[in-house]
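Here is a short briefing on one protein model. Two topics are covered, each as a set of bullet points.

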Amino acid sequence: MEKRVLSNGVEIPVIGYGTYKVSEGHDGVQAVTDALKAGYRLIDTAALYGNESEVGSAIEESGIERSELFVTSKVANGDRGYDSTLRAFERSLELLKLDYLDLYLIHWPASEARFPDWKKINAETWRAMEKLLEDGKVRAIGVSNFMPLHLDALTERASVLPMVNQIEYHPGCMQPEVVEWCNQHAVLVEGWSPLGRTRVLENPLLIDLAGKYHKTSAQICLRWAVQNGVVPLPKSVNPERMKTNLDIFDFTISEEDMNLISGMLPTGESGLTPDTINF
Ligand code: A2P
């Protein structure tokens, strides 16, 4: 698996497996087991997904060397703040049955619209992330769904800048201001819902390009993200689709076609933003 390098030198696979759809119980363990068998080495979970225990069991049963894996989790919105973030991290680690994480993220920023002291809350949560990094409990730290105003505010008080910002990213949803901020500050962008939760797969341009490159429109979306330097995190509970979503390294989308995709009108967005989420 090809890798990218984070600002602190840690390597991260160029594509990962998103576990948001992975359920509790046996089916959940099976899905992650299938993903590891398909070849995914970056596994992206979150306390909010309620499946860390299943992810941990699949990792344990896989027998894959820990150093071969890149495991990400995220602190839930209800656990923002210094002490509660440290506690939440230990809980995640225990559920995952691991002794360190590769990447720990703040799942959503406290937003201006909902929290008068949002800057302070995010700064305190971030201070805990820095402590976890310093203590060697995580190899890298970052944020998710942070917009430039959240990133600017964080930068004012942070000792260490985030290494990653995980945002919604797919054709029709490129969040250019966020990506530009990240590029300027050496923050790697990860893309959630890189297939627009299937909403963009029937787009005529993507279907047309799929025919041209003898690929599926899902593979076009993922390859486009990778060529843009974004690490996509597709979700699937179907072993065949897990595999085809990884089969994107035997072709290159031309610059002209990359521009056509990047020029798509806004489409397929989830509508989830820091100001509108209610969890
Ligand atoms: P399934 O689990 O049945 O494969 P996103 O990652 O953008 O949020 O999209 C996830 C959704 O896309 C899931 O509903 C998943 O369903 C579906 N999906 C994943 N891979 C593919 C694919 N290659 N072709 C079509 N649908 C896919």
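Strand 8 and strand 9 (residues 188-192) run parallel and are joined by 5 bridges. The model is predicted. The notes below start with strand 8 and its partners, then turn to one loop residue.

**Strand 8 and strand 9**
- One bridge pair places Val164 with Leu188 of strand 9.
- Between strand 8 and strand 9 the chain passes through helix 6 (residues 176-184), in a right-handed β-α-β crossover.

**Strand 8 and strand 7**
- Strand 7 (residues 138-144) also pairs with strand 8, through 3 bridges, and the two run parallel.
- Ser144 sits opposite Gln166 of strand 8.
- The link from strand 7 to strand 8 goes through helix 5 (residues 148-157), and this β-α-β crossover is right-handed.

**Burial of strand 8**
- Strand 8 covers residues 164-168, and 5 of its 5 residues are buried.
- Strand 8 is therefore largely enclosed by the rest of the structure.
- In a regular strand, side chains alternate between the two faces of the sheet.

**Ser111**
- Ser111 lies in the loop between strand 6 (101-106) and helix 4 (118-134).
- Its relative accessibility is 1%, so Ser111 counts as buried; the cut-off for buried is under 20%.
- The Ser111 side chain reaches the backbone oxygen of Pro274 at 3.3 Å.
- Leaving aside residues up to four places away in sequence, Ser111 touches Trp118, His150, Pro274 and Asp275.
- Pro274 thus appears both as a contact of Ser111 and as the residue whose backbone oxygen the Ser111 side chain reaches.

Note on methods
Residues numbered from 1 in each chain as written. Predicted model: local features only at pLDDT ≥ 70, side-chain atom pairs only at ≥ 80, totals over all residues. Heavy atoms only, no water. Buried < 20%, exposed > 50% of the residue type's maximum accessible area, 1.4 Å probe, protein only. Helix = DSSP H or I, 4+ residues; strand = E, 2+ residues; numbered from the N terminus. Pairing = 2+ DSSP bridges. Right-handed = clockwise from strand over helix to strand, strands pointing away. Polar contact = N/O pair within 3.5 Å; in protein donor to acceptor, adjacent residues only side chain to side chain. Contact = heavy atoms within 4.5 Å.
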